[in-house]
Amino acid sequence: MIREFHNLSLRTRNSFGVEQRAARLVEFESEEELRSLFADGAPERWAVLSGGNNILFTHDYEGTLLTPAARGIRPLETGPEYVRVEADAGVEWDDLAAWAAGEGLWGIENLSFIPGKAGAAPVQNIGAYGCEAKEVIESVRMFCPETGNFLCLAGAHCGFGYRDSLFKRDLRGRVVITAVTLRLGRTPRPRLGYGDLAREVAARGEATPANIRDAVGAIRRSKLPDPAVTGNAGSFFRNPVVTDDEAERLRERYPDMPVYPTVEPGRTKLAAGWLIDRAGYRGYREGHVGVHDRQALVLVNHGGATGEEVLALARRIQRSVYDRFGVALDTEVNIM
Ligand code: EPU
């Protein structure tokens, strides 16, 4: 069923909880409904608004927002070693993670409790606790308004990188993702190398998908604010990737600074949260907006903030981190 709204408040449709409006928002369920929305040509301006968990609205949106509403989870093939499962774009990502853990399937247990919809997972290649969605995304199904066709792009061709994909680059604004197919394993493959995860899992017994999911939930709750309570969009910035020399220069001055190797030769990833924390912003508050007190990478709306206020704080943090460490922070949240 298509549901259409005009001059709609987006406050409950973005996890920052900022009050901006959309000229038009259309929720669609089936692929035929989606196609029909473009039958007489594309709306002059359109974008996809999924769960709104990685977006900051700084203006009213003057075009049409499209929201996928279908919520099916369909196992396609269940073999002795793996299960292929297709999820509609409107499925809550964590409903999928909960389903997989319940079935004892491996692959997305570390990605438990990430707020957002399944259709958005490939866009920024969601990741947490040493795992990324790209490891299990077999294909992404999408509508291409330019051709009027649906197509499936294999995961290997989605240009996945750290919090990055083709959907953020060449395909940005050109396709509407309708479903994602994952390949989840039956063979145990616990990945517990990140931070305190191994200890949290051991406290729960065996390393099963369900216990890992539970441990991840506990760690997330201890560090990250619940968007249902405090408006936020998770990490506001990406962890910066710098040259090894640059990382070494910083480590000489700040020996306790966390660094992570990357797959790119000669490049090292830094922890943006640590840089922001050391620049003095953890727990900082300025009017309606602030920085989370247990994870400085997360900007929060303490209530009544505008997108402009959040953005002003973000710009100020970027300047401070640059002045202090000479490191540029890129935003990870999509600013509209
Ligand atoms: N740190 C501080 N102070 C802070 C925050 C972090 O010193 O205020 C230090 C930590 O002690 C740790 C390091 O920085 O040594 C990294 O912190 P953490 O393990 O919390 O992870 P992160 O790199 O800040 C990334 C993801 C998160 C994901 C966690 C866990 C990005 C941009 N963020 O954060 O993803 O949950 O790792 O895997 O890559 C998200 O994308 O919205 C998100 C929350």
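User: I'm starting at the short strand β17. Which residue stands opposite Arg-285 in β18?

Analyst: Bear in mind that this is a predicted model. To read a strand pair, find the partner strand, then the sense, then the bridges. Here Arg-285 faces Gly-290 of β18. The two strands, β17 and β18 (residues 289–291), run antiparallel and share two bridges.

User: What sheet does that pair belong to, and in what order do the strands come?

Analyst: Read a sheet from one side to the other. This one is an open sheet of four strands, ordered β13-β19-β18-β17, with antiparallel pairing. At its edges sit β13 and β17 (285–286), each pairing on one side only.

User: How about the strands at the start of the chain: in which sense do β1 and β2 pair?

Analyst: Antiparallel again: β1 (residues 3–9) and β2 (residues 21–28) are joined over six bridges. One residue pair to look for is His-6, whose bridge partner in β2 is Arg-24.

User: And which way does β5 run against β2, parallel or antiparallel?

Analyst: Parallel: six bridges link β2 to β5 (residues 61–68). Check Leu-25, which stands opposite Leu-65 of β5.

User: Let's move to the ligand. Which residues come nearest?

Analyst: With a binding site, begin with the shell, then go through the polar contacts. The shell counts residues with a heavy atom within 4 Å of the ligand. There are 22 residues around the ligand, and Tyr-129, Tyr-162, Arg-163, Tyr-194 and Asp-277 come nearest.

User: Which atoms of Tyr-162, Tyr-194 and Ser-235 should I look at?

Analyst: For Tyr-162, take the polar side-chain atom, 2.7 Å from a ligand oxygen. Tyr-194 also places a polar side-chain atom 2.7 Å from an oxygen of the ligand. Ser-235 uses its backbone instead: an N or O atom there is 2.8 Å from a ligand oxygen.

User: How much of the ligand does the protein bury?

Analyst: Compare the ligand alone with the ligand in place. Alone it exposes 820 Å², and the protein buries 81% of that.

User: Which elements give two or more residues to the shell?

Analyst: They are α4 (209–223), β13 (231–235) and α6 (272–278). The largest share, three residues, comes from α6. By class, the shell has eleven nonpolar, five polar and six charged residues.

User: Last one: what lines the second largest pocket?

Analyst: For a pocket, take volume, lining and class in turn. Its volume is about 440 Å³. The lining of this second largest pocket has 24 residues, with Thr-12, Arg-13, Asn-14, Ser-15 and Gly-51 nearest the centre. By class, that lining holds four nonpolar, 13 polar and seven charged residues.

Definitions and conventions: Residues are numbered from 1 along each chain as its sequence is written. This is a predicted model: local features need pLDDT of at least 70, side-chain atom pairs count only at pLDDT 80 or more; totals for chains, interfaces and linings use all residues. Side-chain values use heavy atoms; hydrogens and water are left out. On a 1 Å grid over the protein atoms alone, a cavity is a set of points where a 1.4 Å probe fits but cannot get out, and a pocket is an open set with protein on both sides within 12 Å along at least five of seven lines; lining residues have an atom within 4 Å of a point. Grid points are joined across faces, edges and corners, and a volume is the space filled by probe spheres set on the points. Ala, Val, Leu, Ile, Met, Phe, Trp, Tyr, Cys and Pro count as nonpolar, Asp, Glu, Lys and Arg as charged, and the others, Gly among them, as polar. A polar contact is a pair of N or O atoms within 3.5 Å; within protein, one must be able to donate a hydrogen and the other to accept it, and residues adjacent in sequence count only if both atoms are side-chain atoms. Accessible areas come from the Shrake-Rupley method with a 1.4 Å probe; for residues, only the protein chains shown count as cover. Two strands pair if DSSP finds at least two bridges between them.
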